[in-house]
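Please find below a colleague's note on the model shown here, set out as numbered points. The points go through the metal sites, the helices and the strands in turn.

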Amino acid sequence: MNRFEFFKEIAKNAKVLGEEWDKILEAALIMHGHLCGAMPLGFRTGRLALRVLDVEREPNMDMMAFVETGIYHAAACFADGVQFSTGCTYGKDLIKKLDYGKWAVTIVIKKDGRAVRVSVKPEIIQAVFKGKFLAERKKGVPPTEVPQEYILQPFINTITRPDEELLDVSEIFTYEFKPTPKPSFEVLTCEICGEMVAENKMRVKEGKKVCLPCSGYEV
Ligand SMILES: [Zn+2]
Ligand SMILES: [Zn+2]
């Protein structure tokens, strides 16, 4: 069985979460690339936040995800699970890493600020860290080279267990957004490299309109 067929088989377990969740998990696995402990937890965390807020997975740009895992974090993969279950993707600029080193996400509806924070229960995180998969990862073994039987059943369990065994949920609250600039729909040509650049990222250097890399300025 090739990798994608393997992912499709595993994703079938997500049918217990409701219609189409197997397709979303399959997409998440294809994009993420490997089985691990954190991605499916992010997947479940994001999904529960949508249920509590009673909203669909985000097709447009109307929701934000604030993920508390961060950089240099063993559970950085958590954020990919959140992206796929919520539709709050990096490309749409709907996901921010708060870099707290915690396993939680706050989902916010942009138009009214309605928000909920969902976190992984401490005992679930402890179980992941005591597992054979993470012991190999700590030694520096890449996820796809860890014997897959170490992670297959834990992965499936994370996908199929009831929400209340895995996750804690806050009350719904109102999130106060700080004002942010509107996206730019203007594009200009850099006068040095000739590439197209969003207008709000142009800089002026020696009288020329140039892109950031050509300007030599710090971002
Ligand atoms: Zn991963
Ligand atoms: Zn340039």
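**Note on the predicted model**

1. At 19% relative accessibility, C77 counts as buried, a term that stands for under 20% relative accessible area, with exposed meaning over 50% and partly exposed anything in between (1.4 Å probe, protein chains only). H34 is likewise classed as buried, its relative accessibility being 13%.

2. On the basis of the values, this is a predicted model in which local features need pLDDT of at least 70 and side-chain atom pairs count only at pLDDT 80 or more, whereas totals for chains, interfaces and linings use all residues. Residues are numbered from 1 along each chain as its sequence is written, chains are lettered from A and ligands numbered from 1 in the order in which they are written, and side-chain values use heavy atoms, with hydrogens and water left out.

3. C77 and H34 both belong to the site of the zinc ion (ligand 1), whose protein donors are H32 (NE2), H34 (NE2), C36 (SG) and C77 (SG), at 2.1 to 2.3 Å from the ion. Donors are here N, O and S atoms within 2.8 Å of the metal (3.2 Å for Na, K and Ca), and water is not among the atoms, so sites may look incomplete. Along the chain these donors follow the spacing H-x1-H-x1-C-x40-C. The pair of H34 and C77 links distant parts of the chain, 43 residues apart, with H34 in the loop between α2 (21-32) and α3 (38-53) and C77 in the loop between β1 (63-67) and α4 (78-86). Helices (H or I, at least four residues) and strands (E, at least two) are DSSP runs, numbered from the N terminus.

4. The angles among the 4 donor atoms of the zinc ion (ligand 1) run from 93 to 119°, and the site is tetrahedral. For four donors that label requires all angles to lie between 85 and 135 degrees. As a reference, the ideal angle for four tetrahedral donors is 109.5 degrees.

5. What coordinates the zinc ion (ligand 2)? The donors are C190 (SG), C193 (SG), C211 (SG) and C214 (SG), at 2.3 to 2.4 Å, and in sequence they are spaced C-x2-C-x17-C-x2-C. Among them, C193 and C214 link distant parts of the chain, 21 residues apart, since C193 is in the loop between β7 (187-189) and β8 (196-198) while C214 is in helix α9 (residues 212-215). The 4 donor atoms subtend angles of 97 to 117°, which makes this arrangement tetrahedral. C193 is partly exposed, with a relative accessible area of 36%, and C214 also counts as partly exposed, at 23%.

6. Helix α2 has 12 residues and reaches 16 Å from its first C-alpha to its last, close to the 16 Å expected at 1.5 Å a residue, where the expected span is 1.5 Å times one less than the number of residues. Its buried residues include W21, L25, L29 and the zinc donor H32. The buried residues of α2 pack against α1 (3-11), α3, α4 and α7 (152-160). Just after α2, G33 takes a positive phi of about 100°.

7. Helix α3 has 16 residues and reaches 23 Å from its first C-alpha to its last, close to the expected 22 Å. This helix is mostly covered, with 14 of its 16 residues buried, and D54, which follows it, has a positive phi near 60°.

8. Is strand β4 (residues 114-120) largely enclosed or exposed? In β4, 5 of the 7 residues are buried, so the strand is largely enclosed by the rest of the structure. Strand β3 (residues 104-109) pairs with β4 in the antiparallel sense over 5 bridges, pairing being assigned if DSSP finds at least two bridges between two strands. I107 stands opposite V116 in β4, and in the hairpin of β3 and β4, with 4 residues between the strands, G113 takes a positive phi near 75°.

9. Strand β4 also pairs with strand β5 (residues 167-169) in the antiparallel sense, over 3 bridges, with L167 in β5 as the bridge partner of V120. A further 2 bridges join β4 to strand β6 (residues 173-174), again antiparallel, and R114 stands opposite T174 in β6.

10. For the protein as a whole, there are 9 helices and 10 strands, and 42% of the 219 residues count as buried.

Methods
Four donors count as tetrahedral if all angles lie between 85 and 135 degrees; four count as square planar and six as octahedral if opposite donors are over 155 degrees apart and all others between 65 and 115; anything else is irregular. Contact means heavy atoms within 4.5 Å.
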